[in-house]
Amino acid sequence: MPRKRDTASNDDVDIEIDIESSDSDDGATQRRTNRRQGAGRGGAKGRGRGKKPASEEEDEDDEDEAPRGRRGANKKKPTKKRGGGDDDDDDSEDEAPKRKRTGAAKKKRGGKAQDSDEEDSDVGKGKKGKKGVGKKGGKEEEDSKGKKGDAKGKDKGKDKGKDKGKDKGKDKDNDKDKKKKKKKDDSSSDSNSDSEEEESMSEGEMARLMEEVEEKKKLIATIRNKPWRMKRRLVHLKEAQEFVDKFEGALGKGKGRKWYAYKVMMKKKWIKFQRDFENFRTACIPWERKIKEVESHFGSSVASYFIFLRWMYGMNLVLFGFTFGLVVIPEVLMGLPYGSIARKTVPRADQDTAQDYSVLMDFNGYCKYSVLFYGYYNNQRTIGLLKFRLPLSYLMVGIGTFGYSLMVVIRTMAKNADVGGGDGDEGEFTFAWKMFTSWDYLIGNSETADNKYASITTSFKESIVDEQENQKDENIHLRRFLRVLANVMITCSLGGSGYLIYFVVKRSQEFANRDDLGWYEKNELEIIMSLLGLVCPPLFETIAELEDYHPRIALKWQLGRIFALFLGNLYTFLFALFDEVNTKLEEEESIKNATIWAMKEYYANYTRTFNDSDSTPPPMPPADIIRGPCWETGVGVEFVKLTVSDIQVSYLTILIGDFARAVIVRFLNYCWCWDLEAGFPSYGEFDISGNVLGLVFNQGMIWMGAFYAPGLVGINVLRLLSSMYYQCWAVMATNVPHERVFKASKSNNFYMGLLLLILFLSLLPVVYTIMTLPPSFDCGPFSGKQKMFDVIMETIDLDLPAFLGTLFSYAANPGLIIPAVLLMVLAIYYLNSVSEAYQNANMELKKKMQMARDEEKNRRNNTDSTNQVMKDLEDLLPNRSLMPAAPPPDPGKKPEQDPRQTKTKPGSAGRGVNLQRDVALASPNPNARGPVSQPPGPRGAGPMPGPGPGRGRGRGRGPPPR
Amino acid sequence: MGSRASTLLREEEIEEIKKETGFSHSQITRLYSRFTSLDKGENGTLSREDFQRIPELAINPLGDRIINAFFPEGEDQVNFRGFMRTLAHFRPIEDNEKNKNAAVSEPLNSRTNKLLFAFRLYDLDRDDKISRDELLQVLRMMVGVNISDEQLGSIADRTIQEADTNGDNSISFNEFIKVLEKVDVEQKMSIRFLH
């Protein structure tokens, strides 16, 4: 029968443990479900077992009841005690006194019991039930249970074990089947609330609390007599009173008890909620599991790319929110519809082809005259009912994009630098830590376990690489020479390719004026650029072999070099773009005149044909109006085209370069002359540098183009999103880990640095165009203005009070700006020097810590010289030095040893060490003799390598001298 | 039937366990039911197979070592007392315990005892030293066949070299403590048992 009881209580325990042991790491959820399943299984079994005998025999059933009652009693006791100090004497499992006691308690407190709207068939029992409810702090579960029980007519099957036990005798005549069913039903819910209630307080805590409350009360009573200052007295008094207020309720004085129970329950719930919330938040970090999976198989370096990608996605999402929320959507909702004015209409000449697929793919036709591009926006000052100032908002968002990006990049860099500085000296016990602390013992899911397995292996591999790097015995001159040589070669090739680009750009400008060009001449620039992009990175990589850097550093060099190469790419692109813009600007002038002329002509014609000079002519159909080239849209289209083609190329590269290759290698391997997997093509490695740079340059394009094509940000968000999934899949499915898996630097500040550089580079042309070039006269939100930023002036003049306008004009005065700039420079200088000083202080502290550690190490090793007192003692007891070897924990014996012994031994060990240290500190520098004569080495400073250290350690661990 | 189980959880018994391990009354009863649910043989003791049924231990590369830690040397059964004594290592250190434990004997969940527990996971032959061979064995458990023997050997060497201060080419408990000095063992080796 105890077996049954135990099994019956399985449920709650398992469930409770579930809830309690949850941890907030990524495996947590899986683990929990796992366990819950286990619990469910156990519970089901237990219930099944409990059920069987019950259905067999009625007597069995009664027996069954009894232990349940006892269990309930066990659990109930703390509550009882809490209920009042007078019940403390009841410790036995006997049922008779309990019955008496409850009876008494009922009498005493029945009146106090809070009313509930349960129907009671048995008044006495009902009261008891109610009392129970009140006692337990009015928990909802409890209530509902009470109802359930009462509906049945008896309290019997309820969780009130005591009642059950007591009623057992009386209620034998009751219908058993009901009871049985009831019990089964209840076992789960009962146990839940039972244990929950139990959670609130245990016996020992109760007693302790009561003691403390008494103490505090005494303190309140006697505080006048204390020889303290008034301030201290007040503080103590307040503390004590608060404490009493808080916990007196717990001890069952009046209404406070219920309130207290409620508070405790709410607190527990709150804590649990917080934990769940934490878990939830961890689960909400997007792609965390994907990235972890990649990391565990490919190492932190590959994972760093994905983390960077995720970060980028977050940033772009914010940019997207700004652009769409403040520019695109207002224009769509409140602006004039398509076809209403010229800038929103496809010209008549293009209308036939405007819907062709090829045209749309070039972002011409309907695409070009859509909300995606600058030209579509109208220059109305305010739109819609809300009087939304779209042009102003457009400019602000354009500038805000850069502002926000700068802020985020710099803040992230600073934060990363912080992390990097925090745990600088990790190098001490790398392997030991990995060895002893890497496994997460709470993992209960086999998939997570596999990942962890892989990640431990990977991290060991990473450390091995680091280690090899450290232990490389190198010919430093040869290495230096090789590195210089490599750099010279790379500089040469960079210079060469730079010149090549320059040459080609110049040639293309010449070609631009001629018509008799072949295919090659037309596409020369692109061909050269892609060739360079194809040839140079592998070339750099080959040259980098010479340098023999640690792969992490090599990656940085590689990134830097390819970056420099790609800058040429950027330069040519911008160059071509500015050329185009300039020609368009010239073109515009003439067209502007033509438009005005055409308009006049139109009106004149109208008047002449209809001979009706009075009536206003109907406006010209917007498709027919002659319009300028709108260079802004042109630039936007260029950027969008570039981005889209970039997406296509990179996805195709993955599909062909990685996937097709992997498929071929995998499946043709069966029928090939040589081993494809190990031999020539093999599987691809994940190209970190290429991917990171691709991402960085892509972002540069976005920054530059976003002003002229607001839709670009949306495209980019889609691209990042899809590429996250696509690349995660590709890397897991088709790539193999690097030959030398290396650890990424903790902060990916290098990536961030590249990003910052690109950000500045892309900021320049955009700001230049905003500040200097005149906007097109017939398209875009700034049409009709001299400069784009005139919008701001206009707003200041028209919308803000006059004095603000004058204020701004003062603020724009060079007399103010120059001092402000000076001040900022000074502030930068000051902050810089302060941070340098902090860095120095940091270094000093680190050095000091290292020294302290070394010193301690020394002291531990030559204990011989440390402690004169101990030495004397040992001299007195010649055998003692041998003894400590015995007591050190005998691992096998330990769990079965007498508990007292287990406890004292480590304690004394601690004290032994403490004592030794204390005495060493107290005595007038006992070290003076030892280490001064010899340089402090890690060990062996003491004269005895043999017995000495052994004795020292032994003493440290052994029982202290008595 | 079952007189044993009910006697096991007599009040005195609970009190004793309470004193020894510091668990609260309800924690003990709860863990007791957990104990009995693990006890498939229903003889009041747990065997190694019982432990291996726990999924967390089954997939843990060091699971065997942990299970071993529950069993006193030479025996393959553990009773509830022993079970609780081992679990007590993982009881979190409470705030009010921190200051007062210096006075009385050290509780099972002290930092030193936690570390000792961890130490014994690695000390396969129970000679109070982690030798190179033992490290190698444990490493083998942890990384499987993904790393060559040679590299594993160098890892083990390296670990010992880092930790060993007295030059006996093995890691003693004191050295072990030293290595994990900065690791938050109190936090890492704690399970939140229900109160």
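Helices are taken as DSSP runs of H or I with at least four residues, numbered from the N terminus. In the predicted model described here, A:Lys452 is placed in one such run, helix α18 (residues 446–471) of chain A. With a relative accessibility of 24%, A:Lys452 counts as partly exposed, because the partly exposed class begins where the buried class, under 20%, ends. A:Lys452 is separated from A:Ser296 by 156 residues in sequence, yet the C-alpha atoms of the two residues are 6.7 Å apart in space.

Over all chains, the structure holds 18 salt bridges. One of them pairs A:Arg389 with A:Asp799, with 2.5 Å between the closest N and O atoms. This pair links distant parts of the chain, 410 residues apart: A:Arg389 is in the loop between α15 (357–361) and α16 (390–422) of chain A, and A:Asp799 is in helix α26 (residues 790–799) of chain A. A:Arg389 is partly exposed at a relative accessible area of 31%, and A:Asp799 is likewise partly exposed, at 31%.

A salt bridge within a single helix is formed by A:Glu580 and A:Lys584, both of which lie in α21 (residues 551–610) of chain A, four residues apart, or about one turn of the helix. Their closest N and O atoms are 3.6 Å apart. A:Glu580 has a relative accessible area of 30% and is partly exposed, whereas A:Lys584, at 17%, is buried.

In chain B, a salt bridge joins the side chains of B:Glu16 and B:Arg81, with an N to O distance of 3.2 Å. B:Glu16 belongs to helix α2 (residues 11–21) and B:Arg81 to helix α7 (residues 80–87) of chain B, so the contact ties together parts that are 65 residues apart in sequence. B:Glu16 is partly exposed, at 43% relative accessible area; B:Arg81 is buried, at 18%. In chain A, salt bridges with shared partners connect A:Arg381, A:Arg389, A:Lys785, A:Glu794 and A:Asp799 into one network.

Two surface patches were identified on chain A. The nonpolar patch, of about 820 Å², is made by A:Leu652, A:Leu655, A:Ile656, A:Phe659, A:Val663, A:Phe667, A:Tyr670 and A:Trp729. Helix α22 (residues 631–668) of chain A supplies the largest share of this patch, six residues. A:Tyr670 instead lies in the loop between α22 and β1 of chain A and is exposed, with a relative accessible area of 63%. The negative patch is formed by A:Glu541, A:Glu545, A:Glu685, A:Asp687 and A:Glu739. Among them, A:Glu685 is in strand β1 (residues 684–685) of chain A and is partly exposed, with a relative accessible area of 38%.

Helix α3 (residues 25–38) of chain B contains 14 residues and spans 20 Å from its first C-alpha to its last, close to the 20 Å expected at 1.5 Å a residue. Of its 14 residues, 13 are buried, so α3(B) is largely enclosed by the rest of the structure.

Positive phi values occur at two residues of chain B that are not glycine. The phi of B:Asp128 is near 65°; B:Asp128 is in the loop between α9 (111–122) and β3 (129–130) of chain B and counts as buried at 18% relative accessibility. The phi of B:Asn169 is about 55°. B:Asn169 lies in the loop between α11 (149–163) and β4 (171–172) of chain B and is exposed, with a relative accessible area of 58%.

Technical notes:
Residues are numbered from 1 along each chain as its sequence is written. Chains are lettered from A and ligands numbered from 1 in the order in which they are written. This is a predicted model: local features need pLDDT of at least 70, side-chain atom pairs count only at pLDDT 80 or more; totals for chains, interfaces and linings use all residues. Side-chain values use heavy atoms; hydrogens and water are left out. Helices (H or I, at least four residues) and strands (E, at least two) are DSSP runs, numbered from the N terminus. Buried means under 20% relative accessible area, exposed over 50%, partly exposed in between (1.4 Å probe, protein chains only). Patches are made of residues with over 30% relative accessible area and no salt bridge: like charges are joined within 9 Å, nonpolar side chains (Val, Leu, Ile, Met, Phe, Trp, Tyr) within 5 Å. Accessible areas come from the Shrake-Rupley method with a 1.4 Å probe; for residues, only the protein chains shown count as cover. A salt bridge is a side-chain nitrogen of Lys or Arg within 4 Å of a carboxyl oxygen of Asp or Glu. Lys and Arg count as positive and Asp and Glu as negative; His and the chain ends are not counted. The place of a charge is taken as NZ of Lys, CZ of Arg, CG of Asp or CD of Glu. The expected span of a helix is 1.5 Å times one less than its number of residues.
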